[in-house]
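Trainee: Please take me through a close look at one part of this model, the sheet together with what packs on it and a few of the buried positions, and keep the reasoning explicit.

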Amino acid sequence: MLADDEEFVRDFLKEVMESLSYEVVAEVEKGDDLPKVLEKIKPDLLLLDINMPNLTGMEFLEKYAHKFPQTCIIILTSASSMKLAENASSEGAKCFLRKDMQVKDMVRLIRCTIAEFGVKNWGCMYKEDFKYYLADNIDVDIAVVEDIFKREFDVFKIALILIEEYNVD
């Protein structure tokens, strides 16, 4: 799901997400529409602009994010403030993306965030996201993990769940 008051940003994000084989199930341009649309659709992912009219992204996080624990919320912003990122994170955002970042970096962060959130909250992750998560967390190029077969993927998925459950570093 996309929430941004600028149509060209929503169009761009929709293109990015669909190129990654994600379905954009809804688009919202005003913050005060978010709670009812989220309640109805219950998306896995919400890309949320921090500066929405009628209800900002931060206001949404503070008032409503706790009602949607199964939705991975990623904040989008044109500003880069460490304090804003920390506040968004403390209110439930799982990632903080700048709108002007390179697409490849945006894709990597979205995929890694979804992979980590998926294991913790859904008990699963998508194979494509896992490849980015693995490459990002063991500091290897994505091409190195391109040939992961289903069996290895399942083993890594179980290992990540166990690591998270037992707080192994």
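Mentor: Helices here are DSSP runs of H or I with at least four residues, strands are runs of E with at least two, and both are numbered from the N terminus. The model is a predicted one, and in it Thr113 belongs to helix H5, which covers residues 103-122. Since buried means under 20% relative accessible area, Thr113 counts as buried because its value is 10%. A polar atom of the Thr113 side chain lies 2.7 Å from the backbone oxygen of Leu109. Once neighbours within four places in sequence are left aside, the residues in contact with Thr113 are Cys72, Ile74, Lys94 and Cys95.

Turning to the sheet itself, it is open and has five strands in the order S2-S1-S3-S4-S5, with parallel pairing. Strand S2 (27-28) and strand S5 (95-98) are its edges, each of them pairing on one side only. Strands S1 and S3 run parallel and are joined by two bridges, and Ala3 stands opposite Leu48 in S3. Helix H3 packs on this sheet, where H3 touches both S3 and S4, and the direction of H3 makes about 135 degrees with that of S3.

Within H3, which spans residues 57-64, the buried residues are Gly57, Met58, Phe60 and Leu61. Viewed down the axis of H3, these buried residues fall within an arc of 160 degrees, so they line one face of the helix. As a general matter, an α-helix has 3.6 residues a turn, so residues three or four places apart point the same way. The cover over the buried residues of H3 includes strand S3 (45-49) and strand S4 (72-77), and also helix H2 (34-41) and helix H4 (82-90).

Asp4, finally, sits in the loop between strand S1 (2-3) and helix H1 (7-19). With a relative accessible area of 1%, Asp4 falls under the 20% cut-off and is therefore buried. Two polar partners can be named for its side chain: a polar atom of the Asp4 side chain lies 2.8 Å from the backbone nitrogen of Glu6, and a polar contact of 2.8 Å joins the side chains of Asp4 and Lys99. Not counting residues up to four places away in sequence, Asp4 touches Val9, Arg10, Val28, Glu29, Asp49, Met52 and Lys99.

How values were computed. Residues numbered from 1 in each chain as written. Predicted model: local features only at pLDDT ≥ 70, side-chain atom pairs only at ≥ 80, totals over all residues. Heavy atoms only, no water. Buried < 20%, exposed > 50% of the residue type's maximum accessible area, 1.4 Å probe, protein only. Polar contact = N/O pair within 3.5 Å; in protein donor to acceptor, adjacent residues only side chain to side chain. Contact = heavy atoms within 4.5 Å. Arc of directions from axis to C-beta. Pairing = 2+ DSSP bridges. Axes fitted to C-alpha atoms, helices over the stretch in contact; angles between N-to-C directions.
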